[in-house]
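The report below goes through selected features of one protein model, beginning with a single residue and widening to the whole chain. Please keep the sequence and the structure in view while reading.

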Amino acid sequence: MHQYVRQFAQWEGKEVTVKGWVANIRDSKTNIFIVFRDGSGFAQCVVSLDTVGETLFELAKSLTQESSLRLSGTVVKDEKQIGGYEMHVSDLEVYQIATEYPITPKDHGVKFLSDNRHLWLRSQRQWAIMRIRNEIIMSIHTYFQDHGFIQMDSPIFTGNAVEGTTDLFETDFFGQPAFLAQSGQLYGEAMAMAQGKIYTFGPTFRAEKSDTPRHLSEFWMIEPEMAFYNNEMNMDLIEDFIRYIVTRVIDSCKLELQALDRDVSKLENVKLAFARVPYEEAIKILRGDVEVDGKNAIKLQETDLEKAKTDLETKAAEIADREKSIASGVSKGERKYHETKILQLRKDIADLEEQIRNIPKWIESAKNFSDGNDFGNSDETVLTRVFDAPVMVYNWPTKIKAFYMKEVEGDPHHVKGVDLLAPDGYGEIIGGSERETDLDILMRKVEEHHLPMESFEWYLDLRRFGSVPHAGFGLGLERMVRWISGIHHLRETIPFPRRYGRLFP
Ligand code: 4AD
């Protein structure tokens, strides 16, 4: 029986066998240091000439990055090592010596990595993100199952548009046009009338030709739908649900969050109450006309801009210092150390330069935001900057939201929609609403949105037979993974992303 490096703490001082791959390898005259990975984690394994003898030592020396092998040895505590333990190897067996592995520890471009996604998945960063994704998925199921929800599977071939007709993938369903589901919501509503509280968890498709860090063509959505819920109850659920997931991931994925260098203190802010702000109030905050706890959205951007400029100067000076040290002649090890630092500093500087370019545009857009528009990416960044926890914006302009949202009583220009915006620029992760219950209003809305009435007849039946107040929301799984993992682009949040311009591998 072999063991896994994640369980090394249980095996301290004992002899174990592990099976996996070489993530990295370096050698000296008498020791070979293997960064070993086995799927459960990463650990340093040391093969020393004295212990294994010449034949095995030579075999170990022939290992290349991503060679597969079995190692046996003693687990030793060492705080300095990844995971806090290392293995002193006494025996090894090679399954395969890998030929030259294309992804090396050097910096590769994103296109190259995306073309090699099938291999890129093995890197520590991708490993960590996929583990976090898994934990999020499990916590979503646990949360709903513990709260009386039934999981339902909604169809993927559909005859109706849900979220507007502009971004539908059309296919041929035995000679009849069909669309890949944009959302399972309408079917979820039908099931909620049968089961009370349900949630879908499935792939959804949007044909937007937008090459942005926040858009995929195929993404996974979780859509709870609850009979006898209004939008306030919907928001209570969103807050409790998101707090549960984030808290659980912080707890269960310490190693992964550490591998990603995620600032966990920021995530811990989910413990704070989530602000609930009506759209009309949110746009005043955005324009800097209203402050939140003494914080002005526009002034904060101006401060951030100044800070970015100072940080850039400090980092540029540090690069100059390190380059000077290298030029003055240092040991090979020190030189490597400086070079790694400089590489990181250059990346930081590129980020800062981007911020310095962007912030003035964001300020312009926020100051001039016109009532009735949807928030753009930068508006969400500027708005959420005044809040530490995620914020819920509700009661949206009717004309920018979907046909099924319920109008605010006495105010047909606003609907009871809610978006949850994650802090620190991560932006919208949830869209939801209370649903229109009145048959006549709903039929009028279907017409106003130029949707084909006949294909919505079944949906209208839900209002003919025992219509009740109900509400629900959709969480974009990849947006959630992106926020919790603290990464920039959705392409890293799903094993094989499908997005504008990317179908392979
Ligand atoms: O706001 P959306 O379009 O809402 C719906 O689809 C509703 N039917 C949900 C409901 O009330 N049951 O999408 C919901 C969420 C967004 O907040 C976002 O997180 C994610 O789905 N999302 C996307 N994620 C990745 N790529 C895209 N192209 C996405 N479009 C939406």
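## Ile484 and its surroundings

Ile484 lies in helix H15, which spans residues 477–485. In this predicted model, the residue has a relative accessible area of 0% and therefore counts as buried, the cut-off being under 20%.

Leaving aside residues up to four places away in sequence, Ile484 touches Ile132, Ile136, Ile245, Val246, Val249, Leu257, Arg262 and Leu267. A further relation concerns Tyr426, which is separated from Ile484 by 58 residues in sequence, while the distance between the two C-alpha atoms is 9.5 Å.

## Helix H6 against helix H15

Ile484 also takes part in a helix pair, since the residues Met480, Trp483 and Ile484 of H15 meet Ile242, Ile245, Val246 and Val249 of H6. Sorted by class, this contact between H6 and H15 comprises seven nonpolar residues, with no polar and no charged ones.

As for the geometry, helix H6 (residues 231–252) packs on H15 at an angle of about 50 degrees, and the axes of the two helices are 11 Å apart. Because an angle of this kind falls neither under 35 degrees, nor over 145, nor between 65 and 115, H6 and H15 are classed as oblique to each other. The crossing in which H6 passes H15 is right-handed.

## Helix H13 against helix H14

A second helix pair is formed by H13, covering residues 439–448, and H14, covering residues 457–464, which pack with their axes 9 Å apart and at an angle of about 160 degrees. Since the angle is over 145 degrees, H13 is described as roughly antiparallel to H14. Here too the crossing is described by its hand, with H13 passing H14 in a right-handed manner.

On the H13 side the contact is made by Leu439, Leu442 and Met443, and on the H14 side by Tyr459, Leu460, Arg463 and Arg464. Divided by class, the residues of this contact of H13 with H14 are five nonpolar and two charged, with no polar ones.

## Ser114 in helix H2

Ser114 is found in helix H2, which runs over residues 110–115. With a relative accessible area of 10%, Ser114 is buried, because the value lies under the 20% cut-off. Not counting residues up to four places away in sequence, the residues that Ser114 touches are Trp120, Arg491, Arg502, Phe504 and Pro505.

## Cysteines

Which state, buried or exposed, applies to Cys45 and to Cys253? Cys45, at 0% relative accessibility, counts as buried, and Cys253 is likewise buried, with a relative accessible area of 3%. When disulfides are counted as pairs of cysteine sulfur atoms within 2.5 Å, the count comes to zero.

## The protein as a whole

The protein contains 15 helices and 17 strands. Taken along the principal axes, its C-alpha atoms fill a box of roughly 85 × 55 × 40 Å.

Of the 505 residues in the protein, 49% are buried. Among contacts with a sequence separation of 6 or more, 68% are accounted for by residues that are 24 or more positions apart.

Conventions:
Residues numbered from 1 in each chain as written. Predicted model: local features only at pLDDT ≥ 70, side-chain atom pairs only at ≥ 80, totals over all residues. Heavy atoms only, no water. Axes fitted to C-alpha atoms, helices over the stretch in contact; angles between N-to-C directions. Helix = DSSP H or I, 4+ residues; strand = E, 2+ residues; numbered from the N terminus. Left-handed = near helix turned anticlockwise from the far one by under 90°. Contact = heavy atoms within 4.5 Å. Nonpolar A, V, L, I, M, F, W, Y, C, P; charged D, E, K, R; others polar. Buried < 20%, exposed > 50% of the residue type's maximum accessible area, 1.4 Å probe, protein only.
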